[in-house]
Amino acid sequence: MSTQQTARLWPVAIPLLLIEAALVVIWSSGFIGARFSIDHAPAMLVVFWRSLLFVLLLAPWALPRLRHASPATLLRHAGIGLLAMGGYLAGVVQGIALGVPAGLAALLADLLPIGVALLSVLVLRQRLGWQTWLGLLIGLTGVVLVTSDALAWGDAPLWVYGLPLLGMLSLAIATLWQKRTKATASLDLLGNLWLQCCICCVPFALLAALDGSLAPVPSGGFALSILWTSISTIGGYGLYWLCLKRSTPTRVASVLYLSPALTLVWAWAMFGEPLSWLMGLGTAVSGLGLWLVIRNERKQNDDEPAVASPSSATIKAACRG
């Protein structure tokens with residue numbers, strides 16, 4: 001088996017639950033990285049330099065992967081990147097920068113599973129079972145319990161509170177767009193992430209320039225912020241797209257219901273922030289909601305006409321290259 005075939009095969013060989021667990025860990029670490037970075041530089045400046053360095057360092061490996069892609073494919077994935085990275089990060093980060101409390105901004109961003117489900121029904125005309133909706137609402141209840149101690153209503157203008165919500169909707173649209181992209185018009189993971197980071201450098205630079213200079217801050221804290229957020233963001237989005245290839249958009253988004261609890265564990269370990277029994281209860285409630293979503297998804301799959309095993313078909317396709 002060639003190296004290229006192995007590269008296509010390894011994401012399929014790893015159990016989906018393991019990839020989802022890694023997604024929760026890496027995604028939650030991004031919020032801690034953002035908190036750490038604001039002590040050393042404006043948040044959007046860190047986001048800009050993280051994206052720029054990723055583009056520059058990995059260009060020799062990423063560009064050859066994009067050489068044979070059609071202009072339509074490149075434009076499609078650039079649009080997905082602008083929504084998934086640019087829209088989501090700009091909405092959440094700028095909302096916090098303009099006065100939305102971090103806890104409330106995180107809660108609005110955590111409405112992603114509800115946003116994905118509503119768009120799936122209203123726009124794509126998909127049918128979701130009542131157990132899925134029940135699981136989504138239970139999962140959201142768990143998130144509210146976990147973050148309840150951090151919730152507060154700030155002094156920002158009313159319209160600013162819409163920024164994290166728009167960021168959430170931006171990622172929800174990108175999720176459904178990516179899922180509906182045909183395999184023949186898709187890019188490999190590295191090429192996709194590189195292109196999305198590249199296109200997002202433009203809006204990130206504009207937003208960072210509003211806060212002042214685009215020059216990097218000459219400090220170890222700034223460098224560590226770049227490193228941390230690079231791993232969390234690139235790893236988080238990479239795992240997110242991998243999960244989306246093998247699962248439904250609603251399930252992938254629902255997995256992120258567990259990220260607030262793990263974020264608080266990160267904060268306890270790194271910053272000494274206290275944990276509470278309410279956080280544990282909320283995590284259990286979110287876990288119950290996620291279980292209902294996954295259970296209903298499996299039940300729907302079992303009710304469909306028998307077809308060849310998806311994992312087996314995917315592996316065979318990967319081996320054919």
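In what order do the elements of the chain run from the N terminus on? They run α-α-α-α-α-α-α-α-α-α-α-α-α-α. The legends below describe close-up views of this predicted model.

**Figure 1. The chain as a whole is built from 14 helices and zero strands.** The chain has 321 residues, and 48% of them count as buried. Among contacts with a separation of 6 or more, 91% are between residues 24 or more positions apart. The views that follow take up single residues, ring pairs and spaces in this predicted model.

**Figure 2. Gly135 in helix 7 is a buried glycine.** Helix 7 spans residues 130-147. The relative accessibility of Gly135 is 0%, so this residue counts as buried. Leaving aside residues up to four places away in sequence, Gly135 touches Gly289, Leu292 and Val293. One of these, Val293, is 158 residues from Gly135 in sequence. In space, the C-alpha atoms of Gly135 and Val293 are 5.3 Å apart.

**Figure 3. Arg125 sits in the loop between helix 6 and helix 7.** Arg125 has a positive phi of about 60 degrees, although this residue is not a glycine. Is Arg125 buried or exposed? Its relative accessible area is 67%, over the 50% cut-off, so Arg125 is exposed.

**Figure 4. Gln94 is a buried residue of helix 4.** Helix 4 covers residues 71-97. Gln94 has a relative accessible area of 15%. Buried means under 20%, so Gln94 falls in that class. Which residues does Gln94 touch, not counting those up to four places away in sequence? They are Met44, Leu89, Leu163 and Leu207.

**Figure 5. Tyr237, Tyr240 and Trp241 belong to a cluster of aromatic rings.** The whole structure holds seven aromatic pairs. In the pair of Tyr237 and Trp241, the ring centres are 6.5 Å apart and the planes stand at 40 degrees, so the pair is tilted. Tyr237 and Trp241 both lie in helix 10, four residues apart, which is about one turn of the helix. Each of the two has a relative accessibility of 3%, and so Tyr237 counts as buried, as does Trp241. Trp241 also pairs with Tyr240, in an edge-to-face arrangement. Here the distance is 5.4 Å centre to centre, with 70 degrees between the planes. Tyr240 and Trp241 are both buried. Ring pairs link these residues with Trp27 and Tyr88 into the cluster.

**Figure 6. The largest cavity has a volume of about 60 Å³.** How many cavities of 30 Å³ or more does a search of the whole structure find? The search finds one. The residues that line the largest cavity include Trp27, Phe31, Tyr88, Ala109, Asp110 and Leu112. The lining also includes Pro113, Leu171, Ala253, Leu256 and Tyr257. Helix 2 (16-37) and helix 6 (112-122) each give at least two residues to this lining. By class, the lining has ten nonpolar residues, no polar ones and one charged residue. Two of the lining residues, Trp27 and Tyr88, are also part of the ring cluster in Figure 5.

**Figure 7. The second largest pocket has a volume of about 1,000 Å³.** Its lining is made up of 41 residues. Those nearest the centre of the pocket are Phe31, Ile32, Ala34, Arg35 and Ile96. Two or more lining residues come from each of helix 2, helix 3 (43-66), helix 4, helix 5 (102-109), helix 10 (220-246) and helix 12 (259-271). The lining of this pocket divides into 25 nonpolar, eleven polar and five charged residues. Phe31 lines this pocket, and Phe31 lines the largest cavity as well.

**Figure 8. Cys201 and Cys198 do not form a disulfide.** A disulfide is a covalent bond between the sulfur atoms of two cysteines. Why is there no bond from Cys201 to the closest cysteine sulfur? That sulfur belongs to Cys198 and is 6.0 Å from the sulfur of Cys201, too far for a bond. The cut-off for a disulfide is 2.5 Å, and the count comes to zero disulfides. Cys201 has 11% relative accessibility and therefore counts as buried. Another cysteine, Cys243, is also buried, with a relative accessible area of 1%.

Terms used. Residues numbered from 1 in each chain as written. Predicted model: local features only at pLDDT ≥ 70, side-chain atom pairs only at ≥ 80, totals over all residues. Heavy atoms only, no water. Buried < 20%, exposed > 50% of the residue type's maximum accessible area, 1.4 Å probe, protein only. Contact = heavy atoms within 4.5 Å. 1 Å grid on protein atoms, 1.4 Å probe; cavity = no way out; pocket = protein on both sides within 12 Å on 5 of 7 lines; lining within 4 Å. Points joined across faces, edges and corners; volume = space filled by probe spheres on them. Nonpolar A, V, L, I, M, F, W, Y, C, P; charged D, E, K, R; others polar. Phe/Tyr/Trp six-rings, centres within 6.5 Å; stacked < 30°, edge-to-face > 60°.
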